[in-house]
Amino acid sequence: MKPVIVWFRQDLRLADNPALHAAVQTGAPIVALFVLDDGRAPDRDLGGASRWWLHHSLAALDASLKKHLVLRRGDAAAIITTLAGQTGAQAVMWNRCYEPSAVARDTDLKADLVAQGVEVQTFNGALLHEPWELKTGAGKPFRVFTPFWNAMRAREAARPLPAPRAMTLQRLDGDRLDAWNLLPTRPDWATGFDWTPGEKSAQEALYDFLPHIAQYRTARDLPDRDGTSRLSPHLHWGEISPRQVWQAVRTHDHSDGAETFLKELGWREFCAQLLFHNPGMTTNPLDARFEKFKWRTGKKDLSAWTRGQTGIPIVDAGMRQLWQTGWMHNRVRMIVASLLIKHLGIHWRDGEAWFWDCLVDADLASNVANWQWVAGCGADAAPFFRIFNPVLQGEKFDPRGVYVRRFVPELAAMPDKFIHMPWAAPQPPRNYPAPIVDLAEGRARALAAFQALKQS
DNA sequence: TGAAATGTTGGGGCG
DNA sequence: ACGCCCCAACATTTC
């Protein structure tokens with residue numbers, strides 16, 4: 001019997017995997033394929049933290065496929081058309097990706113395969129709703145979150161599919177995962193990552209989180225606590241599907257915490273559909289007025305920011321958490337982004353690029369849309385004059401400085417009163433930098449720049 | 001999913 | 001007892 005090729009991409013799971021499910025239904029032997037096409041993506045390459053995650057996630061998937069995952073490296077379309085010919089495959093099946101370059105590549109590949117006499121079936125495994133499904137009254141894609149969310153919330157999500165109970169997998173030659181060198185060496189900066197990639201771990205993260213979801217609305221803002229789900233990298237790589245998360249939350253309880261959490265899944269969908277309908281937004285502001293905005297270069301400031309050496313405790317704590325653990329609490333992401341864009345006047349793309357490289361949950365749509373949101377140039381964005389004061393944010397959300405002290409040990413002995421502004425302490429710490437920007441001056445500069453933009 | 005400036009109110013100290 | 005001032009505390013507006 002002719003095999004079916006299942007092409008895995010950002011759906012590294014067996015349960016609720018529509019492409020795999022459909023392939024198993026045919027009764028044909030299955031070729032489970034993953035192609036590493038780094039160095040060829042028109043948008044951008046995988047970031048370092050993403051490569052680390054991918055390595056471990058592929059290892060986990062391979063294990064659950066009883067070591068039958070076929071690894072190939074190179075141009076995905078060329079590899080798949082060739083492989084389909086060599087194996088005499090009857091069909092190729094995959095779950096759709098929605099990033100602009102992926103859409104273009106997959107459209108061409110599908111045409112090539114069909115021309116070659118190979119059936120192609122594609123599915124939605126990554127989103128609750130297709131990016132073209134939810135429309136405004138005028139029939140256009142949403143640009144404002146709240147009406148988008150109202151439309152989305154009014155629908156129930158499709159029910160997740162079970163994992164296949166049995167399947168026949170076909171073994172083929174392929175690369176060794178280790179040979180891809182996805183893991184960092186010299187130095188191994190991932191030693192502080194406290195993550196376990198893989199489908200099993202994703203399910204555990206979900207079920208560890210559910211008992212706390214009723215407190216999510218307030219607990220999610222406190223960066224020293226585990227008040228968030230930490231599902232983002234699992235969702236990005238599709239180790240768990242948004243349908244599985246949605247259903248689990250909906251059947252768990254109806255607290256306002258649960259509702260707030262569902263809304264975050266809404267933001268994920270909102271970002272995905274924004275990028276789908278605005279492919280240029282990875283580099284260009286959605287709000288065209290910002291095209292002439294005068295960003296500063298600020299190489300030294302950018303470097304201090306990336307290294308967590310700005311002298312502003314909550315910012316440095318966040319940037320060091322990112323570097324050490326591959327992740328940053330969302331409240332702190334907003335604070336560090338606001339400082340870079342507003343106080344330092346540096347382009348949101350510079351911050352976005354750093355996050356892309358360092359985050360285990362790096363997701364093109366979410367990363368770009370949220371950076372544009374902070375910059376005020378995105379869809380439904382925060383106005384440019386909404387400027388976070390990192391001292392006040394710190395005092396509000398990390399009042400005892402537990403989070404700051406965890407990642408900025410230089411401040412361990414600083415009294416609570418000065419933990420978020422050590423420069424004002426009677427004895428400022430010797431081994432911690434003075435702030436690279438005066439917060440009041442930085443704020444004033446940002447407001448002036450915004451005024452200039454409005455007038456031009 | 002802000003912050004700062006400005007405006008308003010009302011209680012208490014004090015001459 | 002009264003008016004005046006000060007200034008939290010809260011509300012509104014402005015950026």
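Select strand S1 (residues 4–8) of chain A first: Val4, Val6 and Phe8 point one way from the strand, Ile5 and Trp7 point the other way, and all are buried. Here a residue is called buried if 20 or more other C-beta atoms lie within 10 Å of its own, exposed if 12 or fewer do, and partly exposed in between, with the C-beta atoms placed from the backbone. Strands (E, at least two residues) and helices (H or I, at least four) are DSSP runs, numbered from the N terminus. Because five of the five residues of S1 are buried, the strand is largely enclosed by the rest of the structure.

This is a predicted model, in which local features need pLDDT of at least 70 and side-chain atom pairs count only at pLDDT 80 or more, while totals for chains, interfaces and linings use all residues. Residues are numbered from 1 along each chain as its sequence is written, and chains are lettered from A and ligands numbered from 1 in the order in which they are written.

**The partner strand**

Now add strand S2, which runs parallel to S1 and is joined to it by five bridges; two strands pair if DSSP finds at least two bridges between them. To follow the pairing residue by residue, look at valine 6, which stands opposite alanine 32 in S2, and then at phenylalanine 8, whose bridge partner in S2 is phenylalanine 34. Ile30, Ala32, Phe34 and Leu36 point one way from S2, whereas Val31, Leu33 and Val35 point the other way, and all are buried. Seven of the seven residues of S2 (residues 30–36) are buried, so this strand too is largely enclosed by the rest of the structure.

**The domains**

Colour chain A by its domain assignment, which gives domain 1 (4–125), domain 2 (127–158 + 201–277) and domain 3 (288–455); such bounds come from an automatic or database domain assignment. The centres of domain 1 and domain 3, taken over C-alpha atoms, are separated by 38 Å. Eight residues of domain 1 are nevertheless in contact with nine residues of domain 3, where contact means that the C-beta atoms of two residues, placed from the backbone, lie within 7 Å. On the side of domain 1 that touches domain 3 there are two nonpolar, three polar and three charged residues. In this classification Ala, Val, Leu, Ile, Met, Phe, Trp, Tyr, Cys and Pro count as nonpolar, Asp, Glu, Lys and Arg as charged, and the others, Gly among them, as polar.

**Alanine 126**

Alanine 126 is the next residue to select, in the loop between strand S5 (119–123) and H5. With 23 C-beta neighbours inside 10 Å, alanine 126 counts as buried. Leaving out residues up to four places away in sequence, alanine 126 touches Gln10, Asp11, Asn95, Arg96, Cys97, Tyr98 and Gly238.

**Loops with unusual backbone**

Move on to the loop between helix H5 (145–153) and H6, where proline 187 lies; a cis peptide bond, with omega about -5°, joins arginine 186 to proline 187. Asparagine 181 is also in the loop between H5 and H6, and has a positive phi of about 50° although it is not a glycine. Asparagine 181 is exposed, with 10 other C-beta atoms within 10 Å. Arginine 230, in the loop between helix H7 (216–219) and H8, has a phi near 55°, again a positive value in a residue other than glycine. Arginine 230 is partly exposed, with 19 other C-beta atoms within 10 Å.

**Helix H6**

Select helix H6 (residues 199–209), in which Glu199, Ala202, Ala205, Leu206 and Phe209 are buried. These residues lie on the same side of H6 because they cover an arc of only 115° around the axis, the arc being that of the directions from the helix axis to the C-beta atoms. The buried residues of H6 pack against helix H2 (48–64), helix H8 (232–236) and helix H9 (242–252). Turn the view to the face away from the buried side, and the exposed residues Tyr207 and Asp208 appear.

**Asparagine 367 and the DNA**

Asparagine 367 lies in helix H15 (residues 364–375) and is buried, with 23 other C-beta atoms within 10 Å. Beyond its neighbours within four places in sequence, asparagine 367 is in contact with Glu352, Phe355, Trp356 and Ala362.

End at DNA strand B, around which are Trp267, Met334, Ala382, Phe385, Arg386, Ile387, Phe388, Asn389, Leu392 and Gln393; a residue is near a molecule or strand if its C-beta atom, placed from the backbone, lies within 6 Å of it. By class, the surface near DNA strand B has seven nonpolar, two polar and one charged residues.
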